[in-house]
Protein chains: 2
Amino acid sequence: MKGFQIDPQLLADCHAIGKFGFCFVLLHRNAAVPWFILVPETGVTDLLELADDMQARALQESRTIAKFIKAELGFPKINFAAIGNVVPQLHLHVVGRKPDDPCWPAPVWGRLAEGCAYNQERIAEITRMLNQTCGLRSV
Amino acid sequence: MKGFQIDPQLLADCHAIGKFGFCFVLLHRNAAVPWFILVPETGVTDLLELADDMQARALQESRTIAKFIKAELGFPKINFAAIGNVVPQLHLHVVGRKPDDPCWPAPVWGRLAEGCAYNQERIAEITRMLNQTCGLRSV
């Protein structure tokens, strides 16, 4: 989409690690749980107002991340949400959870203490795995 | 689905007001915001693991509720989530939000003070509107 830009607040909160066919893929800076944010390349702000084909693509790409979280990162449960009260640009949270994670069973939003960050090596590793197994491409 | 039962915790938290083709429709007892919970009639626990056709139906029925919240209840923003950390049975939150609601911009989960309840008349009215305009049927 010509002129599409990811909201600066999302870029401040996350590492931008690449793109699928429809969604940019961000990794939240808080490394306490694997928290991905997918930003579909659209001006529509509500997931439930996306056209059917675009909604299906966004869900399919979310599913790819969910499978990766379960299979490669060892988190058995996925929390999925489109909230957007603070950042209106449509973005989809795909978050790996497990019963001994730092804020289980509460949702992560506003509940996850700061202070746990990825190092550059781990970001590169996650990006490489997603490139190789899930078709993530760099942008 | 033979023998399907809604989780007792969801029934304790909500008013069961009917069913669409695939999802049971619950209205959260906390009336501070219009908070619907859709329970797809399936044993799958993660939204992103539903078969494509069932996922599309669940999203379509969520969309119906989202439109109703915006058009009839006057809440301009929808928060949509599948969490399930406390109640594993798949259930989809479709929540109407607006900037002057009681916990804006925080998500509602665990943030909404108790004490604001629907009366029976209002529950009946919402149910009737959903019956007439959205094809909700009683169960």
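**Exercise 1. Find which residue of E5(B) stands opposite Phe80(B), and describe how the two strands involved are joined.**

Solution. In this predicted model, Phe80(B) has Val94(B) opposite to it in strand E5 of chain B. To see the pairing to which this belongs, follow E4(B) along its neighbour: E4(B) and strand E5 (residues 92-97) of chain B run antiparallel, and five bridges join them.

**Exercise 2. Determine which strand of the other chain pairs with E4(B), and which residues face each other there.**

Solution. Begin with the strands themselves: strand E4 (residues 77-82) of chain A pairs with strand E4 (residues 77-82) of chain B, in the antiparallel sense and over three bridges. Next, look at the individual positions, where Ala81(A) has Ala81(B) as its bridge partner, while Ala82(A) stands opposite Phe80(B). Finally, place this pairing in the whole sheet, which is open, has ten strands with antiparallel pairing, and follows the order E1(A)-E2(A)-E3(A)-E5(A)-E4(A)-E4(B)-E5(B)-E3(B)-E2(B)-E1(B). The edges are formed by strand E1 (14-19) of chain A and strand E1 (14-19) of chain B, each of which pairs on one side only. From one strand to the next, the twist averages 20°.

**Exercise 3. Decide whether Ala82(B) is buried or exposed, and list what Ala82(B) touches.**

Solution. First locate the residue, which belongs to strand E4 of chain B. Then apply the cut-off, by which a residue is buried if 20 or more other C-beta atoms lie within 10 Å of its own; Ala82(B) has 21 C-beta neighbours inside 10 Å and therefore counts as buried. Leaving aside residues up to four places away in sequence, Ala82(B) touches Phe80(A) as well as Leu47(B), Leu90(B) and Leu92(B). Leu48(B) is 34 residues apart from Ala82(B) in sequence, yet the C-alpha to C-alpha separation of the two in space is 9.2 Å.

**Exercise 4. Work out which residues of E4(B) lie on each side of the strand, and how many of its residues are buried.**

Solution. Start from a general rule: in a regular strand, side chains alternate between the two faces of the sheet. In E4(B), one side holds Lys77(B), Asn79(B) and Ala81(B), the other holds Ile78(B), Phe80(B) and Ala82(B), and both faces are covered. The count agrees with this, as six of the six residues of E4(B) are buried.

**Exercise 5. Establish what relation holds between the two chains, and what kinds of residue make up the side of chain B that touches chain A.**

Solution. First superpose the copies: a turn of 180° with a shift of 0.0 Å along the axis lays chain B on chain A with an RMSD of 0.0 Å, and this is therefore the relation of a two-fold axis. Of the residues of chain B, Ala81(B) comes closest to that rotation axis, its C-alpha being at 2.0 Å. Now turn to the contacts, in which 25 residues of chain B meet 25 residues of chain A. On the side of chain B that touches chain A, helix H2 (52-73) and E4 of chain B each supply at least two residues, and the residues of that side divide into 16 nonpolar, five polar and four charged. Because 100% of the interface residues of chain B are also interface residues in chain A, the copies meet through the same surface.

Terms used. Residues numbered from 1 in each chain as written. Chains lettered and ligands numbered in written order. Predicted model: local features only at pLDDT ≥ 70, side-chain atom pairs only at ≥ 80, totals over all residues. Pairing = 2+ DSSP bridges. Helix = DSSP H or I, 4+ residues; strand = E, 2+ residues; numbered from the N terminus. Axes fitted to C-alpha atoms, helices over the stretch in contact; angles between N-to-C directions. Contact = placed C-beta atoms within 7 Å. Nonpolar A, V, L, I, M, F, W, Y, C, P; charged D, E, K, R; others polar. Least-squares fit on C-alpha atoms with pLDDT ≥ 70 in both. Buried ≥ 20, exposed ≤ 12 C-beta atoms within 10 Å, placed from the backbone.
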